[in-house]
Amino acid sequence: MGRWREVIAEFAGTALLQLLAVSALVAGFTPGSTLVDTVPNEDLRRLLTGDLTATVAAGSCTRRLAGSAAAT
């Protein structure tokens with residue numbers, strides 16, 4: 001039973017990361033988006049999007065449940 005818990009945690013973490021990444025890309029690069037108007041520099045928006053995605057991936061609570069060595 002413990003193995004399924006790890007598989008489900010990995011699936012949930014990956015799904016949430018993908019959802020966040022796609023949402024950040026849509027919000028950051030769709031013409032007419034508030035973020036596009038606020039941060040007109042495309043390179044800076046790329047940096048912010050990547051940083052946000054990496055921060056969420058590094059701090060994911062599902063990593064500990066899945067047994068990640070970096071989460072300990």
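## Surface and overall make-up

Accessible areas here come from the Shrake-Rupley method with a 1.4 Å probe. On that basis the chain shows about 5400 Å² of accessible surface, and carbon and sulfur atoms hold 67% of this area. Keep in mind while browsing that this is a predicted model.

The fold is quick to describe: four helices and zero strands, so from the N terminus the order reads α-α-α-α. The chain has 72 residues, and 19% of them count as buried. Take the contacts with a separation of 6 or more, and 46% of them turn out to link residues 24 or more positions apart.

## How far to trust it

Mean pLDDT for the chain is 80, with 79% of the residues reaching 70 or more. Confidence varies from element to element: helix 2 (residues 34-38) has the highest mean at 88, while helix 4 (residues 62-66) has the lowest at 59. Where pLDDT is low, the predicted coordinates should not be read in detail. With that in mind, the local details below come from helix 1 and helix 3.

## The start of helix 1

Helix 1 covers residues 2-29, and valine 7 is part of it. Together with Trp4 and Ile8, Val7 makes a nonpolar patch on the surface, and the three share about 330 Å² of accessible area. Is valine 7 itself buried, exposed or partly exposed? Its relative accessibility is 35%, so valine 7 falls in the partly exposed class.

There is a charged pair in this stretch too. Glutamate 6 and arginine 3 form a salt bridge, with 3.1 Å between the closest N and O atoms. Both residues belong to helix 1 and sit three residues apart, which is about one turn of the helix. Arginine 3 is exposed, because its relative accessibility is 58% and the cut-off for exposed is over 50%. Glutamate 6 has a relative accessible area of 30%, so this residue is partly exposed.

## Salt bridges in helix 3

The chain has three salt bridges in total. One of them joins glutamate 42 to arginine 46, and here the closest N and O atoms are 2.7 Å apart. The two are four residues apart in helix 3, so about one helical turn separates them. Both ends are partly exposed: glutamate 42 has a relative accessible area of 38%, and arginine 46 comes in at 45%.

Arginine 46 has another partner as well, aspartate 43, again with 2.7 Å between the closest N and O atoms. This pair also lies in helix 3, three residues apart, or about one turn of the helix. Aspartate 43 is exposed, with 52% relative accessible area. The shared partners tie Glu42, Asp43 and Arg46 into one salt-bridge network.

## Threonine 53 and its neighbours

Further along helix 3 (residues 42-58) you come to threonine 53. Which residues does threonine 53 touch, leaving out those up to four places away in sequence? The answer is Leu17, Leu20 and Ala21. Threonine 53 is buried, because its relative accessible area is 17% and buried means under 20%.

The side chain of threonine 53 also has a polar partner within reach: the backbone oxygen of threonine 49, at 2.9 Å.

## Serine 23, back on helix 1

Serine 23 is another helix 1 residue. Its side chain does something worth a look: one polar atom lies 2.8 Å from the backbone oxygen of leucine 19. With 39% relative accessible area, serine 23 counts as partly exposed.

How many residues separate serine 23 and threonine 49 along the chain? The count is 26, and their C-alpha atoms are separated by 9.7 Å.

Notes
Residues are numbered from 1 along each chain as its sequence is written. Side-chain values use heavy atoms; hydrogens and water are left out. Buried means under 20% relative accessible area, exposed over 50%, partly exposed in between (1.4 Å probe, protein chains only). Contact means heavy atoms within 4.5 Å. Patches are made of residues with over 30% relative accessible area and no salt bridge: like charges are joined within 9 Å, nonpolar side chains (Val, Leu, Ile, Met, Phe, Trp, Tyr) within 5 Å. A salt bridge is a side-chain nitrogen of Lys or Arg within 4 Å of a carboxyl oxygen of Asp or Glu. pLDDT is the predictor's confidence in each residue, from 0 to 100. A polar contact is a pair of N or O atoms within 3.5 Å; within protein, one must be able to donate a hydrogen and the other to accept it, and residues adjacent in sequence count only if both atoms are side-chain atoms.
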